[in-house]
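Here are some worked exercises to try with the model open in your viewer. Have a go at each task before you read its solution.

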Amino acid sequence: AGQSSPSLEPGPGRTADGHPVPLLTNVGSGPDALAAAATDSEGVGLLRTELLFLDRAVRPSVDEQARIYAAVLAAFGERPVVVRTLDAGSDKPLAFLPLGPEDNPALGVRGLRTSGANPGVLDEQLAALAMAAAGTGRTPSVMAPMVSTAQEAAAFAEAAHRHGLTRVGVMVEVPSAALRAAELFEVVDFVSIGTNDLGQYVMAADRACGPLGHLLDPWQPALLDLVAMVGAAGAAAGKPVGVCGEAAADPLLATVLVGLGATSLSTAAGARAHVRAALAAVGMPVCRERAAAARSARGPDEARAAAAAVGPDAV
Ligand code: PEP
Ligand code: MG
């Protein structure tokens, strides 16, 4: 008692057969980022920038944003940092980005879609990130939320490139983006799967709707099918496929996601040790077998049980 088991010791993410799976952290504040940087976190897989500015009536200046992003980049040093542009709207309204009333805000103007009416906000954010990159000598990755089409991804990549940002990705959290992932990889360097929203949209179940929790279970085979499509497209393109939704924080599901083609996982800081231990216990063949078993199931409970039954030390 009082001593952590050896399998929960710090270190990089890797499977038992030595396949690296970087374990990154989701952060939503400066203090979160600094705390994570002081640990064995392998980087930031998702900086939720909208959470930095939830309380603002006036939009933060380029200089202020640049200072915040530079602090995060500096804290992580050589480790990768993925900055997500503002995911405003729906469950995360920003006072300085008025979007007007909508009957279905989750299906409305949110995330990258807000840049249509407010191109200046995205442009300033990209300028701030470029400034932070120049000031720290680091190369951040930047990605857009709520991307539905490759055309949107291409427009975002162009905007980022205009600012000199060279590592550009998009989130895959809309089923259309997963279905056409191969097209996304033609225009971006990486993707990160947001299983929270991808689950919401593939099941047509509001992620905040308690009574629909069973539909929002991240073990839903339909969600796993979409993850598999993205994983296959990423492998074909030779480009990274991260997962940054809550699904990545479930240790058993983390092994399934890797089996489906995820190349890195980003979680809340507290989940990392158990995810690392789950990956260290199995090789890639078991991850793939678990993935196949889960996808063959008829529902989330069956998927969980089927995955748990596979492996040298079935869980
Ligand atoms: C997601 O949708 O899974 C995600 C990581 O983004 P957020 O939870 O911030 O919408
Ligand atoms: Mg999301």
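Two strands count as paired if DSSP finds at least two bridges between them. Keep that in mind for the first exercises, and remember that this is a predicted model.

**Exercise 1. Take strand 4 and strand 5: find the sense in which they pair and the number of bridges.**

Step 1. Strand 4 covers residues 141-144, and its pairing with strand 5 is parallel, over four bridges.

Step 2. Now look for the residues that face each other. A144 sits opposite V170 in strand 5, and M143 has G169 as its bridge partner there.

Step 3. Trace the connection. Strand 4, helix 4 (residues 150-162) and strand 5 form a β-α-β unit, and the unit is right-handed.

**Exercise 2. Work out which strand pairs with strand 4 over three bridges.**

Step 1. The partner is strand 3 (residues 81-84), again in the parallel sense.

Step 2. To check the register, pick R84: M143 in strand 4 is the residue opposite.

Step 3. The link here is helix 3 (residues 119-136), which joins strand 3 and strand 4 in a right-handed β-α-β unit.

Step 4. Finish with burial. S141 and M143 on one side of strand 4 are buried, and so are V142 and A144 on the other, leaving both faces covered.

**Exercise 3. Carry on from strand 5 to strand 6, then from strand 6 to strand 7, counting bridges as you go.**

Step 1. Strand 5 (residues 167-172) has five buried residues out of six.

Step 2. Strand 5 pairs with strand 6 (residues 190-193) in parallel over four bridges, with V172 opposite I193.

Step 3. Strand 6 then pairs with strand 7, also in the parallel sense, over three bridges. I193 turns up again, this time with V243 in strand 7 as its bridge partner.

Step 4. Both faces of strand 6 are covered: F190 and S192 are buried on one side, V191 and I193 on the other.

**Exercise 4. Why is helix 9 described as largely enclosed by the rest of the structure?**

Step 1. Count the buried residues. Helix 9 (residues 251-259) has nine residues and eight of them are buried, so the rest of the structure largely encloses this helix.

Step 2. List them: L252, L253, A254, T255, V256, L257, V258 and G259.

Step 3. Ask what they pack against. The partners are strand 7 (241-243), strand 8 (264-267), helix 8, helix 10 (272-280), helix 11 (284-296) and helix 12 (300-308).

Step 4. Zoom in on L257. Beyond its neighbours within four places in sequence, L257 is in contact with V227, V243, A247, A248, A262 and L265.

Step 5. Set L257 in its wider context. The largest nonpolar core has 92 residues, and L257 is listed with V44 and V170 as having the most contacts inside it. Helix 8 (residues 221-237) gives the most to this core, with seven residues.

Step 6. Check what follows the helix: G261, which has a positive phi, near 115°.

**Exercise 5. Which residues surround ligand 1, and how do they divide by type?**

Step 1. Select the shell: L46, R48, D87, E173, G194, T195, N196, D197, C244 and G245.

Step 2. Sort by type, and you get two nonpolar, four polar and four charged residues.

Step 3. Map them onto elements. Strand 2 (44-48) and helix 7 (195-203) each supply at least two residues, and helix 7 gives the most, with three.

**Exercise 6. Classify L34 and V310 as buried, partly exposed or exposed.**

Step 1. You need the cut-offs, so here they are: 20 or more other C-beta atoms within 10 Å means buried, 12 or fewer means exposed, and anything in between is partly exposed.

Step 2. L34, found in helix 1 (residues 30-37), has 15 other C-beta atoms within 10 Å, so L34 is partly exposed.

Step 3. V310, in the segment after helix 12, has 23 C-beta neighbours inside 10 Å and therefore counts as buried.

Step 4. Identify what V310 touches. Not counting residues up to four places away in sequence, the contacts are V286, E289, R290 and A293.

Step 5. Add two C-alpha distances. L34 and N104 are 36 Å apart in space and 70 residues apart in sequence. V310 and E9 are separated by 24 Å, with their positions 301 residues apart along the chain.

How values were computed
Residues numbered from 1 in each chain as written. Chains lettered and ligands numbered in written order. Predicted model: local features only at pLDDT ≥ 70, side-chain atom pairs only at ≥ 80, totals over all residues. Core = buried A, V, L, I, M, F, W, Y, C linked by C-beta atoms within 7 Å. Contact = placed C-beta atoms within 7 Å. Near = placed C-beta within 6 Å. Nonpolar A, V, L, I, M, F, W, Y, C, P; charged D, E, K, R; others polar. Right-handed = clockwise from strand over helix to strand, strands pointing away.
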